[in-house]
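Hi,

As promised, here is the structure I have been looking through. Have a look at it first, and my notes come after.

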Amino acid sequence: MTHAVNNWDTLSWEDQQELQDKKIRTMVQEVAKYHPAYKKLMKENDINPADINSVDDFVKNFPFTEKKDIAPTDDNPFKPSYFLMQKVEDPAYQPRFMIATTGRTSFSTPFWYTNWDLDNIMAVVARRVMEVTGMTKKDVIVNSFPYSPHLAFWLVYYATTGNRLTAIHTGGGKILGTQKIMNITYSLKGSVFVGVPGYMYHVFKTALGSERFLSDIRLLITGGDRCTRTFRKRIGSLLQNMNANDTRICAAYGFTESRVAPLECPHPDGVDGELTGYHTYPDLEFWYCIDPKTGERVGPGERGELVWTALGGRGTIVMNYRTGDIADGGIIYEKCPWCGRTVPRISSMISRRSEVKDVQFDKVKGTLIDLNQFYSVMPTFEDVDEWQVILKQGESMIDELIINVSPRKKRKFNESKFKRELMAHVKREMEITPNQVNVMTADEISRSLGMETQLKEKRILDLRPR
Ligand SMILES: [Zn+2]
């Protein structure tokens, strides 16, 4: 059976189901033979591969895999290798190319592709990324994802250079610096800009400030961080101020463990149009959503934690993998009204389970704070330009919440009024009062966020000891 299917995006729902049932059956048989971790797991749980004949059987019987099951530790740095398909005598199973997670711990988890995966997964998805976003040979594509062994950079590399499109892989602010990236985009008439949303905003703001109007930009592709409605609105108005009036946007949901990234198709109404959802690849992967508390599958369009399963492939393979990411609007199984593709679409708004933190504001009890909320609460305060949230342990072991912020340029600026109103805004929206608000200049906050030094800006920092 060939892996990828040519008509992947026009299959009927029935045909998709049939294909996925067939593929999951084969995949379970394969991992039972060649995958050290799943071979063991299936034995321990008394799972007979012959009993799994459909996606439904799989969901019912196959245990979850979580991040901690695969991440290397001080005690066992070899853990990820148990998730590599191993068939020693077959060269097609040799790991050849690696991407890694961006963990904050000293270890990041490697995910390997074999040559077969590069041809049948990476190259195939790279082609689909080009098709879904509508990049063409006429485009000049500026890739601002950092040079690193990360999915974002390499998928863009393969989707552009790999498909013989014109692209400049700048390495991001840390490598080339924002001035040069801006100048390249301007002088080469960049038409597609790719990168992390926060960094993209920084580049465009710098361009506007330097009167390097990036008026040829017609498409933005974002990844690596959430692409909120407020961001889209703000970036839209920046672009309009630079005379780029018909720009569209495709956010990607890059997820290292899957080694691919579903993405939005561009909405015809532009940057500020409706969110089209992440278009998944039903012949390569199986997604569903669960209630994060009970682990029970939820219905179509219902909020839940995303769970992912490979429907083929070699190298590093995870099955029934809990992503820790919550899709607010779940997964939608309706033909996309904008591009007409019949693929399951993950709702565009995703939040991270891991960003719900237990914070000790007083000695008596902890408070659960969903740090995800800051992404919508901060930019909706009109006078905020850039922001950063820091959690740290203060005196007598009590936690402190500090907000760094740079205000938008205005003729009259009353700092104490601004601080007071911002505090009240956060309190109203999140029912917590920050301990401190620091007003910074644009340069200061850009340094604090690490726009020119980090792979991804440090938007929310938890500095408390573990
Ligand atoms: Zn679409």
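Below is what I found, going from the overall layout to a few single residues.

One thing before anything else: this is a predicted model.

**Layout**

The domain assignment splits the chain into three parts: domain 1 (13-93 + 281-348), domain 2 (119-276) and domain 3 (354-462). Domain 1 is written as two stretches of the chain, 13-93 and 281-348. If you want a feel for the spacing, the C-alpha centres of domain 1 and domain 3 are 37 Å apart.

**Helix α5 and its partner α6**

I'd start with α5, which runs over residues 115-133. This helix has 19 residues, and from its first C-alpha to its last it reaches 26 Å, close to the 27 Å expected at 1.5 Å a residue. Its buried residues are Asp 117, Ile 121, Met 122, Val 124, Val 125, Ala 126, Arg 128, Val 129, Met 130, Val 132 and Thr 133. Note that Asp 117 and Arg 128 are on that list, along with residues such as Ile 121 and Val 124.

What do the buried residues of α5 pack against? They meet β2 (110-114), α6, β6, β7 (248-251) and β8 (278-279).

The α6 contact is worth a closer look. Two packed helices are described by the angle between their axes and the distance between the axes. For α5 and α6 (residues 151-160), the angle is about 75 degrees and the axes are 8 Å apart. So α5 is roughly perpendicular to α6. On the α5 side the contact is made by Met 122, Ala 123, Ala 126, Val 129 and Met 130, and on the α6 side by Leu 155, Tyr 158 and Ala 159. Sorted by class, that contact has eight nonpolar residues, with no polar and no charged ones.

Right after α5 comes Gly 134, with a positive phi of about 80 degrees.

**Helix α8 and its partner α7**

Next is α8, residues 197-209. It has 13 residues and spans 18 Å from first C-alpha to last, close to the 18 Å expected at 1.5 Å a residue. Is this helix mostly covered or mostly open? It is mostly covered, with 10 of its 13 residues buried. Those are Pro 197, Gly 198, Tyr 199, Met 200, Tyr 201, His 202, Val 203, Phe 204, Lys 205 and Ala 207. The cover over them includes β3 (140-146), α7 (178-187), β5 (192-195), β6 (219-222), α9 (229-241) and α12 (442-449). You may remember β6 from above, where it packs against buried residues of α5.

With α7, the packing angle is about 70 degrees and the axes are 10 Å apart. That makes α7 and α8 roughly perpendicular to each other. Thr 178, Ile 181, Met 182 and Tyr 186 of α7 make the contact with His 202, Val 203, Thr 206 and Ala 207 of α8. By class, this contact has five nonpolar, three polar and no charged residues.

After α8 you will come to Glu 211, whose phi is positive, near 55 degrees.

**A few single residues**

Two loop residues caught my eye for their backbone angles. Lys 189, in the loop between α7 and β5, has a positive phi near 55 degrees without being a glycine. Asn 320, in the loop between β10 (304-310) and β11 (321-327), also has a positive phi, about 50 degrees, and is not a glycine either.

Which of them is buried and which exposed? Lys 189 counts as exposed because it has 11 C-beta neighbours inside 10 Å. Asn 320 has 21 C-beta neighbours inside 10 Å, so it counts as buried.

Phe 83 is in a loop too, the one between α4 (67-70) and β1 (95-100). It is buried because 25 other C-beta atoms lie within 10 Å. Leaving out residues up to four places away in sequence, Phe 83 touches Ala 37, Ile 70, Thr 316, Ile 317 and Val 318. Glu 452, by contrast, is 369 residues from Phe 83 in sequence and 35 Å away in space, C-alpha to C-alpha.

Last one: Gln 436, in strand β19 (residues 436-439). With 13 other C-beta atoms within 10 Å, Gln 436 is partly exposed. Its C-alpha is separated by 8.4 Å from that of Asn 404, 32 residues apart along the chain.

Cheers

Notes:
Residues are numbered from 1 along each chain as its sequence is written. This is a predicted model: local features need pLDDT of at least 70, side-chain atom pairs count only at pLDDT 80 or more; totals for chains, interfaces and linings use all residues. Helices (H or I, at least four residues) and strands (E, at least two) are DSSP runs, numbered from the N terminus. The expected span of a helix is 1.5 Å times one less than its number of residues. A residue is buried if 20 or more other C-beta atoms lie within 10 Å of its own, exposed if 12 or fewer, and partly exposed in between; C-beta atoms are placed from the backbone. Two residues are in contact if their C-beta atoms, placed from the backbone, lie within 7 Å. Axes are lines fitted to C-alpha atoms, for helices over the stretch in contact, and angles run from 0 to 180 degrees between N-to-C directions. Angles under 35 degrees count as roughly parallel, over 145 as roughly antiparallel, 65 to 115 as roughly perpendicular and the rest as oblique. Ala, Val, Leu, Ile, Met, Phe, Trp, Tyr, Cys and Pro count as nonpolar, Asp, Glu, Lys and Arg as charged, and the others, Gly among them, as polar. Domain bounds come from an automatic or database domain assignment.
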